[in-house]
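Please work through the exercises below with the sequence and the model open side by side. Each task is followed by a solution that proceeds step by step.

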Amino acid sequence: MTTKQPAESNAAQSEDTETSREKAANLVISKYTGWAAGSGAIPFPFWDVAAIAAIEIKMVNELLDIYEKPFSESKTRSILTILIGSLSPQLLVGATAVTLFKVVPGIGSVLASLSMPMLAAASAYAVGKVMVNHLKNGGDLSNFDPKAKIDDFKAAFDEGKKKADPAAT
C-alpha cells in the first residue's frame, strides 16, 4: 500500500481549494451580473447607477470572502471608480445619456431599458473577472492597482457585453 507524501497531499489539497474557490467566485460573478442587469432596468435616472454601484461593491465583498481577504468599502469604491472611468468617453457619455433618457416618458424608458441592463451586466462581469484574477494570484485590495488592470478590465467588459447580448455574437 502506498501513501502520499505530505507535500503531494498539500499540493493536491491546495489545488482542490483553488478549484472550489474559482467555482464559487464564478457563481458569485454570475449572480451579481444578473442583479446588475436587472438594476439597469430601474426606471428612475441615477437610481440605476447607484444600485449598480452597490451591487458591484457587494460582489467584491463576497469575492474577497471566498479568498479570505479583508474588505474595505472605500478602497473598493476607489478601485471601481478608476476601472469604470477607464472606459471610453463615448461609452460613458452614452451610458449617462441612457440614464437621462429615463425621464422622457414612453420612448426614453424603452430606449434605456434596451441598453442599460447590458452595460450594467458587462461592468459587473468585468469587475468580477478582474478581481478574481487578482485574488487568485495572491492579491488583495491593499495591492490592487486599478490603473495596471485597465486593459484587462476593458477586455473583460467587451467579453461581458457579448455574454449579456447574445445578438452581438
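The exercises that follow concern a predicted model, and they go from the overall fold to single pairs of side chains.

**Exercise 1. The overall fold**

Determine how many helices and strands the chain has, and what share of its residues is buried.

Solution. Begin with the secondary structure, which comes to six helices and zero strands, so that the pattern read along the sequence is α-α-α-α-α-α. Next, turn to burial: of the 169 residues in the chain, 37% are buried. Finally, consider the contacts between residues with a separation of 6 or more, of which 73% join residues 24 or more positions apart.

**Exercise 2. The nonpolar core**

Find which helix gives the most residues to the largest nonpolar core, and describe the surroundings of M59.

Solution. The largest nonpolar core has 35 residues, and those with the most contacts inside it are M59, L63, M131 and F153. At least two residues of this core come from each of α1, α2, α3, α5 (107-136) and α6, and the greatest contribution is that of α5, with twelve residues. As background, nonpolar side chains in soluble globular proteins tend to be buried together. For the surroundings of M59, neighbours within four places in sequence are set aside, which leaves contacts with V28, I29, Y32, A124, V127 and G128.

**Exercise 3. Helix α2 along its length**

Compare the span of α2 with the expected value, and decide whether V49 is buried, partly exposed or exposed.

Solution. The helix covers residues 47-66, and its 20 residues reach 29 Å from the first C-alpha to the last, which is close to the 28 Å expected at 1.5 Å a residue. Its buried residues include A51, I55, M59, L63 and I66, and the charged residues D48, E56 and E62 are also among them. V49, which has its place in this helix, has a relative accessible area of 39%; because this value lies between 20% and 50%, V49 is partly exposed. The C-alpha atom of V49 is separated by 7.9 Å from that of S39, a residue ten places away along the chain. Just after α2, E68 takes a positive phi of about 55°.

**Exercise 4. A buried threonine**

Establish whether T76 is buried or exposed, and which residues it touches.

Solution. T76 is found in helix α3 (residues 73-85). Its relative accessibility is 1%, and because this is under 20%, T76 counts as buried. Leaving out residues up to four places away in sequence, T76 touches I57, V60, F71 and L141.

**Exercise 5. Salt bridges**

State how many salt bridges the whole structure holds, and examine where the partners R21 and E68 lie.

Solution. A search of the whole structure gives six salt bridges. In one of them the side chains of R21 and E68 meet, with 3.6 Å from N to O; this pair links distant parts of the chain, since R21 lies in helix α1 (residues 6-40) and E68 in the loop between α2 and α3, 47 residues apart. E68 counts as exposed, at 65% relative accessibility.

A second case is E62 with K58, whose closest N and O atoms are 3.8 Å apart. These two residues are four residues apart in helix α2, and therefore about one helical turn separates them. K58 is partly exposed, with a relative accessible area of 42%, whereas E62 is one of the buried residues of α2. K31, K58 and E62 are linked in a network of salt bridges.

A third case is E73 with R77, where the closest N and O atoms are 2.9 Å apart. Here too the partners are four residues apart in one helix, α3, and so about one helical turn separates them. E73 is partly exposed at 39% relative accessible area, and R77 is partly exposed at 43%.

**Exercise 6. Aromatic rings**

Identify the arrangement of the rings of F153 and F157, and locate the charged end that sits over the ring of F144.

Solution. The structure holds one aromatic pair, formed by F153 and F157, whose ring centres are 6.4 Å apart. The angle between the planes is 35°, and because this is neither under 30 degrees nor over 60, the pair counts as tilted. Both residues belong to helix α6 (residues 150-164), and because they are four residues apart, about one helical turn separates them. F153 and F157 are buried. Lastly, the charged end of K149 sits over the ring of F144, 5.7 Å from its centre.

Terms used: Residues numbered from 1 in each chain as written. Predicted model: local features only at pLDDT ≥ 70, side-chain atom pairs only at ≥ 80, totals over all residues. Heavy atoms only, no water. Phe/Tyr/Trp six-rings, centres within 6.5 Å; stacked < 30°, edge-to-face > 60°. Buried < 20%, exposed > 50% of the residue type's maximum accessible area, 1.4 Å probe, protein only. Lys NZ or Arg CZ within 6 Å of the ring centre and 35° of its normal. Expected span 1.5 Å × (residues − 1). Contact = heavy atoms within 4.5 Å. Salt bridge = Lys/Arg side-chain N within 4 Å of Asp/Glu carboxyl O. Core = buried A, V, L, I, M, F, W, Y, C linked by side-chain atoms within 4.5 Å.
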